[in-house]
Number of protein chains: 2
Amino acid sequence: MHEASEKPAVVLLSGGLDSATVLAIARAAGHKVHALSFRYGQRHAFELEAAALVARRHGAAEHLVANLALDLFGGSALTDPELAVPHGRSDAQMSAGVPITYVPARNTIFLAHALALAEVRGATDIFIGVNAIDYSGYPDCRPEYIAAFERVGQLATRAGIEGGALRIHAPLQHMSKADIIRAGLALGVDYGVTHSCYDPAPDGAACGSCDACQLRLKGFAEVGVPDPARYVRA
Amino acid sequence: MHEASEKPAVVLLSGGLDSATVLAIARAAGHKVHALSFRYGQRHAFELEAAALVARRHGAAEHLVANLALDLFGGSALTDPELAVPHGRSDAQMSAGVPITYVPARNTIFLAHALALAEVRGATDIFIGVNAIDYSGYPDCRPEYIAAFERVGQLATRAGIEGGALRIHAPLQHMSKADIIRAGLALGVDYGVTHSCYDPAPDGAACGSCDACQLRLKGFAEVGVPDPARYVRA
């Protein structure tokens, strides 16, 4: 496809399995991709190296990293060193309530920044890899939340003065982890460069037992292909 | 009022005239105030010193400053050194279209952070000093925008899982600048420590001719009291 004819879109890219798949979906839909990642005091900063690799490998036109100070607020095991990341939780434990790895208002903060980037790049499409099945415990992954934010985006910007056309795309919303992996493999996603672990070893190897690793490993097992990510207990 | 009985609220505090008034209104309503300011590459960082003074003088229980990287996106004369802040604009010029001082998605980003702080402090009230009259050109100061964000806030957080009670208060929304000043003076707001100028002198003195200074000076003139702020051409 000719570069000039591609419609710009902002893709929120964490460097994980889900957002890498979303980037491939946005590219396959013919978008010129402005990828946006965040440095937010997360323990798993290996994500950002993965995000840069994914952006390059899958044809993002641009990859920005915004610094955020979410650790200022605390309240999450992903940003507060005093709170432990849980390991080896059962399916029942994972689906009971909001997990301690939930970061307060994180998706709202991420989408707000995506909206700013969309506005300055003239994009009216934002892609986010939220998933209502695997992450049912996260309030800001629910379809009604995404719809509410889309309405904010339609009103918030210069374009919104005349009634903006902004769309928030959440293509993974109703897919299982296995479905996401199948879709990504069909689009040529290299999952070997993605990083999902909440609590990696100092060298970046995934722990294999946090919620994110468990969901990912279960997904690959269902698809019947090996997970190319590097695990400490491989 | 006894401290322990005060209901917590988050107040977005820029250090300007409007947000100082909002802080006083929130205090008068009996709230324990968690004030939140941002360092976002703005030219007028004197705002932050003013915000700290206002928070202390008007009884905020806490004042946090979050670092943001809005200059990453550009697109505004407030964050991009390549774009000039306009001076001496007429009323007609000020009310025509979105001004160059508009920062893309700024209020959405500010409110998203306020939501995070509200969640970790157990607050269901957020106060913001937007004003639909003086700043009609800003898309994210309109009542329909505030209502849309309130809906996001009700869905986005842990409390939102059960249908949250979050309220976004914009008490200045339909007030003129003169009305705001009258309300603030009645509540004992010290406008001498507030800072409104978009383009201050190196020593922090207000320019007197940017949109913000003009609106402020016009407000004080209507009320018939002198503006206690320091101006370069006083």
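Two residues are in contact if their C-beta atoms, placed from the backbone, lie within 7 Å. The legends below describe close-up views of a predicted model.

**Figure 1. Surroundings of Phe149(A) in helix H5 of chain A.** Not counting residues up to four places away in sequence, Phe149(A) touches Thr108(A), Leu111(A) and Ile168(A), and also Val152(B) of the other chain. Why is Phe149(A) classed as buried? A residue is buried if 20 or more other C-beta atoms lie within 10 Å of its own; Phe149(A) has 31 other C-beta atoms within 10 Å and is therefore buried. Ala20(A) serves as a distant reference point: Ala20(A) and Phe149(A) are 129 residues apart along the chain, and their C-alpha atoms are separated by 22 Å.

**Figure 2. The contact between chain A and chain B.** Each chain is represented here, with 36 residues from chain A and 36 residues from chain B. On the side of chain A that touches chain B, the elements giving two or more residues are strand S3 (62-67), helix H4 (106-121) and helix H5 (143-156). Which element provides the largest share of this side? That share, 9 residues, comes from H4(A). By residue class, the side of chain A that touches chain B comprises 23 nonpolar, 7 polar and 6 charged residues.

**Figure 3. The largest nonpolar core, with Leu23(A) as an example.** This core has 139 residues, and those with the most contacts inside it are Val11(A), Leu23(A), Val11(B) and Leu23(B). In soluble globular proteins, nonpolar side chains tend to be buried together. Once neighbours within four places in sequence are left aside, the residues in contact with Leu23(A) are Val11(A), Leu13(A), Val33(A), Ala35(A), Val54(A), His58(A) and Ala60(A).

**Figure 4. The buried side of helix H6 (residues 177-186) in chain B.** Buried residues of this helix are Lys177(B), Ile180(B), Ile181(B) and Gly184(B). They lie on the same side of H6(B), because they cover an arc of only 95° around the axis. Against which helices do the buried residues of H6(B) pack? Their partners are helix H1 (17-28) and helix H7 (211-223) of chain B. Gly188(B) follows H6(B) and has a positive phi, near 80°.

**Figure 5. Confidence in the predicted model.** The model scores ipTM 0.85 and pTM 0.88. For chain A, the mean pLDDT is 87, and 89% of the residues reach 70 or more. Where pLDDT is low, the predicted coordinates should not be read in detail.

Conventions:
Residues numbered from 1 in each chain as written. Chains lettered and ligands numbered in written order. Helix = DSSP H or I, 4+ residues; strand = E, 2+ residues; numbered from the N terminus. Nonpolar A, V, L, I, M, F, W, Y, C, P; charged D, E, K, R; others polar. pLDDT = per-residue confidence, 0-100. Core = buried A, V, L, I, M, F, W, Y, C linked by C-beta atoms within 7 Å. Buried ≥ 20, exposed ≤ 12 C-beta atoms within 10 Å, placed from the backbone. Arc of directions from axis to C-beta.
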